[in-house]
Amino acid sequence: MVVVCQSSCIGILGGGQLGKMLAIEAAYLGYKTAIYDPNPLSPAFDVASYRFNYSFADTQQLERFAKFCQVITYEFENIPLSTLEILIAYGAHIPQSTLSLQIFQNRVTEKFFFKEFESGPVPFLKLTHLNDLDYFIKQNGYPVIIKTLSLGYDGRGQFGVHNAVDFKKAALFLKANNFECIVEKKIDLDHEFSIQIAKNVRGEVVVLGPFENIHKNGILHQTYFPARLSALQKRYLNRQAKIFSSVLPDIGLFTLEYFLSGNTFYINEVAPRVHNSGHGTIEAFSHSQFYFQLASVLGLPFPKKIKTSPFVMTNVLGQHYENVLKNFKDKNVYRVPIKFHFYGKDDAKFNRKMGHFTMLGKVDTKHIHYCETLLGPLKNNKINFESFDKRDVLMALTNHCQTIL
Ligand code: ADP
Ligand code: MG
């Protein structure tokens, strides 16, 4: 078993906010990080010990990266497989292997993999021709969603087909994407959840979550922990996660996304990495999702028990950025235990993830509403604290903050 020693350099492929948070966790643990990303404005460059700002196809730099880093991991699954193969050929130590990437960077291989499980995917079909779409709609009815096979994120690379008019537009979408698409039934979603499972080289396994996820326009808006599920439903998801990790002989941290429609769970997709829905674990769990991804690849042991507390995590998109920055500087906002994260991106584009904030404390309507309020301008610069039960806030503060203000 390889345990990567402290002061070694961890290579991270991808320099977005997930790479940034992985690098920060690595620094806490005494490791250096080298971030590899073709985008010179990658947020993770701000906190990395070393920057590799080159293309994922630059063989010379990949050789240098492979020799420079004692272990390599990734922040997202859309790294070209060829990049990993080149790194491996140059002797890179990549404990996660390429198997998970092969399966989960393509929606068809991913969906076929899911068919093995009790909670399978929603009905889907790989499209090769417009007739396939017609056939699928005849079988399943409207509405359906067309999704590109790869590179989709935050609802991008998707096209909803609700009626015959959309059907005509779908032809253009399919052509533009060379028919590299699947179609799936758009189901009546009651709720969405995610659950994370980490497995290290020692064979230890840990499950985080389930988390309850609220999406708006295909983008994660808020995550609640604990998820509002029955004990039975939680045990069910926990079991699914364990079965998943026993079927997939790969190590690392995996995030499984589920839909709940009526009493039926469907598995939607798997990210073989840390995930937006796990961000609240930074403040609310004794060991965060970032710890577990790193511990998995570094050969570190997993803690036997982790302390968890309730949280509401809210994403800050480009359109919220200005207001949230103002609220972040308003001392009144800190009468409740809340922590802001900003990713350091320069351009606050519409729907671009610019940061998030995590509020500790119960998951209930008033806490959820409070977080919603912070996305917009505060009316007369005031928040109604009357509706908060002081005991809840105090309890959260004493549990999680060193000083009570
Ligand atoms: P991404 O890779 O962008 O996260 P997803 O497949 O997870 O793609 O889709 C994003 C969101 O769109 C989901 O979280 C869900 O809210 C909605 N969605 C996706 N597929 C379906 C579906 N088949 N039925 C209903 N809603 C869906
Ligand atoms: Mg998703």
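Which residue stands opposite Ile219 in E11? The residue is Lys216. This report starts from that pair and works outward through a predicted model.

**The eight-stranded sheet**

Strand E10 covers residues 205-216 and strand E11 covers residues 219-225. The two pair in the antiparallel sense, over five bridges. They belong to an open sheet of eight strands, whose order is E13-E12-E9-E10-E11-E14-E16-E15. The pairing in this sheet is antiparallel. At its edges are strand E13 (264-271) and strand E15 (338-342), each of which pairs on one side only. On average, neighbouring strands are turned by 25° against each other, direction ignored.

A helix lies across part of this sheet: H10, residues 289-298, crosses strand E9 (191-199), E10 and strand E12 (252-261). Relative to E12, helix H10 runs at about 135°.

**Strand E8 and its partners**

Strand E8 spans residues 181-185. Four of its five residues are buried, which leaves the strand mostly covered. E8 pairs with strand E5 and with strand E6, as the table sets out.

| Strand pairing with E8 | Sense | Bridges | Bridge partners |
|---|---|---|---|
| E5 (residues 124-127) | antiparallel | four bridges | Leu125 and Val183 of E8 |
| E6 (residues 144-148) | antiparallel | five bridges | Val144 and Lys185 of E8 |

In general, the strands of a sheet pair through backbone hydrogen bonds, in either a parallel or an antiparallel way.

**Domains**

The protein chain is divided into domain 1 (9-94), domain 2 (123-185) and domain 3 (191-400). Taken over C-alpha atoms, the centres of domain 1 and domain 3 are separated by 25 Å. Their contact takes 17 residues from domain 1 and 16 residues from domain 3. On the domain 1 side, helix H1 (17-28) and strand E4 (71-74) each supply at least two residues. H1 gives the most to that side, with seven residues. By class, the side of domain 1 that touches domain 3 has 10 nonpolar, two polar and five charged residues.

**The surroundings of ligand 1**

Where does ligand 1 lie with respect to domain 2 and domain 3? Ligand 1 lies between them, because domain 2 (123-185) and domain 3 (191-400) both give residues to the shell around it. There are 17 residues around ligand 1, and those that come nearest are Gly152, Lys186, Ile187, His215 and Gly218. Two strands described above also take part: E8 and E13 each supply at least two residues of the shell. By class, the shell divides into five nonpolar, five polar and seven charged residues.

**A loop residue: Tyr54**

Tyr54 is placed in the loop between strand E3 (50-52) and helix H2 (59-68). Is Tyr54 buried, exposed or partly exposed? A residue counts as buried if 20 or more other C-beta atoms lie within 10 Å of its own, and as exposed if 12 or fewer do. Tyr54 has 16 other C-beta atoms within 10 Å, so this residue is partly exposed.

Leaving aside residues up to four places away in sequence, Tyr54 touches Pro38 and Gln61. Tyr54 and Pro38 are 16 residues apart in sequence, while 4.6 Å separates them in space, C-alpha to C-alpha.

Conventions:
Residues are numbered from 1 along each chain as its sequence is written. Chains are lettered from A and ligands numbered from 1 in the order in which they are written. This is a predicted model: local features need pLDDT of at least 70, side-chain atom pairs count only at pLDDT 80 or more; totals for chains, interfaces and linings use all residues. Two strands pair if DSSP finds at least two bridges between them. Axes are lines fitted to C-alpha atoms, for helices over the stretch in contact, and angles run from 0 to 180 degrees between N-to-C directions. Two residues are in contact if their C-beta atoms, placed from the backbone, lie within 7 Å. A residue is near a molecule or strand if its C-beta atom, placed from the backbone, lies within 6 Å of it. Ala, Val, Leu, Ile, Met, Phe, Trp, Tyr, Cys and Pro count as nonpolar, Asp, Glu, Lys and Arg as charged, and the others, Gly among them, as polar. Domain bounds come from an automatic or database domain assignment.
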